[in-house]
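Visitor: I have a structure open on my screen and would like to learn how to read it. Could you walk me through it?

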2 protein chains.
Amino acid sequence: MSGSGTDVRHIGILLFDQVEELDAVGPWEVLASWARSCPADGWAVCTLARDRAPVSCANGLCIVPHHTLDDAPALDVLIHPGGQGTRPLLTDDEHLTWLRTQRERVPLMTSVCTGSLVYAAAGLLRDRPATTHWSSLDLLGKLDPSIEVRDEVRFVDDGDIITSAGVSAGIDMALHLITRLAGPDRARQVERDIQYDPAA
Amino acid sequence: MSGSGTDVRHIGILLFDQVEELDAVGPWEVLASWARSCPADGWAVCTLARDRAPVSCANGLCIVPHHTLDDAPALDVLIHPGGQGTRPLLTDDEHLTWLRTQRERVPLMTSVCTGSLVYAAAGLLRDRPATTHWSSLDLLGKLDPSIEVRDEVRFVDDGDIITSAGVSAGIDMALHLITRLAGPDRARQVERDIQYDPAA
């Protein structure tokens, strides 16, 4: 049963002030190009932010969100990117409360890079394995010592929560998401479409 | 001597209707995070488009450009991404003329994915080696049979023109750019910062 209550299931990528660009746009590219090229799979991808104003990213790119937190469709998957902008979110009660509410409604919560720090601050990673950007692994363990912090992995799939390593690892996590949601053939197709083969 | 005539040298990433998101934002992430973290290197990165309106990308992301073609700083490096939006550009005389003018002014012209098709249509790749997205290699050779089309490479550095393979290969090309502009240590630093290590 879809969380959206319609035939189309929704993946939402959160945007916020000082979000790291590739944390958001890496998964966007993977997932939105899949949704566009395979409409029969029944998935849609959107971005959402606190308000409709263009979001200033960590390195100065400016992205216009599709939805606010209030008018976004019910999500089946949430992606929380990282970036310098996660630091104020760690103590932002409104944001942490919103995340805990999402946890009750959204079947699959995922993060890229330091997005997992915010999940940890919201208490969502208690007694779970998780990862983050290599430079924030210590902080992840400090935010919640019950977390089993994993390094040297691209992502950690713990069922209803997936956390990724730094920045570009969000691309790998998004390809893994397609494998989960639509099968490995579809993931390989997208990987080939975006020519994601850095070892070539 | 800088093309900008100031102490700061400028890298411009072109945006246009239906540009492929990661073609633009992959190099943006690599280059803008470098410029931000190493200001003493003296580089700045911006996006530019025909006008100031938010640009609708190929998969539906919406990016606000920093400059128009007219008010952008003089560029030392131009990056032309690809995407479905390149198809109308192949016969867009205004755009092709603008590109030929840029060629006279910009020391280093680069492309990602099918951006090289537009360079080919503008005559910029005559008698040169070049590459593009794997699915457009044939078209590249048809647009200009004098091009030595290269496959199975991430990018082709032909001195004052660099062309890249599809989508994510723009990340590799941008890291190579940093090697050229600031040395291999700096490129490795950025690679580590964005945790670009898909084989890990």
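Visitor: Which residues have the most contacts inside the largest nonpolar core?

Guide: Before that, note that this is a predicted model, where local features need pLDDT of at least 70 and side-chain atom pairs count only at pLDDT 80 or more, while totals for chains, interfaces and linings use all residues. Residues are numbered from 1 along each chain as its sequence is written, and chains are lettered from A and ligands numbered from 1 in the order in which they are written. In soluble globular proteins, nonpolar side chains tend to be buried together. A residue is buried if 20 or more other C-beta atoms, placed from the backbone, lie within 10 Å of its own (exposed: 12 or fewer; partly exposed: in between). A nonpolar core joins buried Ala, Val, Leu, Ile, Met, Phe, Trp, Tyr and Cys residues through C-beta atoms within 7 Å. Here the largest has 124 residues, and L15(A), L31(A), L15(B) and L31(B) have the most contacts inside it.

Visitor: What does L31(B) touch, leaving out residues up to four places away in sequence?

Guide: Two residues are in contact if their C-beta atoms, placed from the backbone, lie within 7 Å. By that rule L31(B) touches I11(B), V45(B), A174(B) and L177(B).

Visitor: How many residues of helix α1(B) are buried?

Guide: Helices are DSSP runs of H or I with at least four residues, strands are runs of E with at least two, and both are numbered from the N terminus. In α1(B), residues 21-37, 15 of the 17 residues are buried.

Visitor: Where is the kink in α1(B) centred?

Guide: A bend at a residue is the angle between axes fitted to the seven residues ending there and the seven starting there. The kink in α1(B) is about 25° and is centred on W28(B).

Visitor: What rotation superposes chain A on chain B?

Guide: Two copies of a chain are related by a rotation about an axis and a shift along it. The fit is by least squares on C-alpha atoms of residues with pLDDT of at least 70 in both copies. Here the rotation is 180° with 0.0 Å of shift along its axis (RMSD 0.0 Å). The two copies are therefore related as by a two-fold rotation axis. Of the residues of chain A, I63(A) has its C-alpha closest to that axis, at 2.3 Å.

Visitor: How many residues does each chain give to the contact?

Guide: Chain A gives 32 residues and chain B gives 32 residues. On the side of chain A that touches chain B, α1(A) gives the most, with nine residues.

Definitions and conventions:
The expected span of a helix is 1.5 Å times one less than its number of residues.
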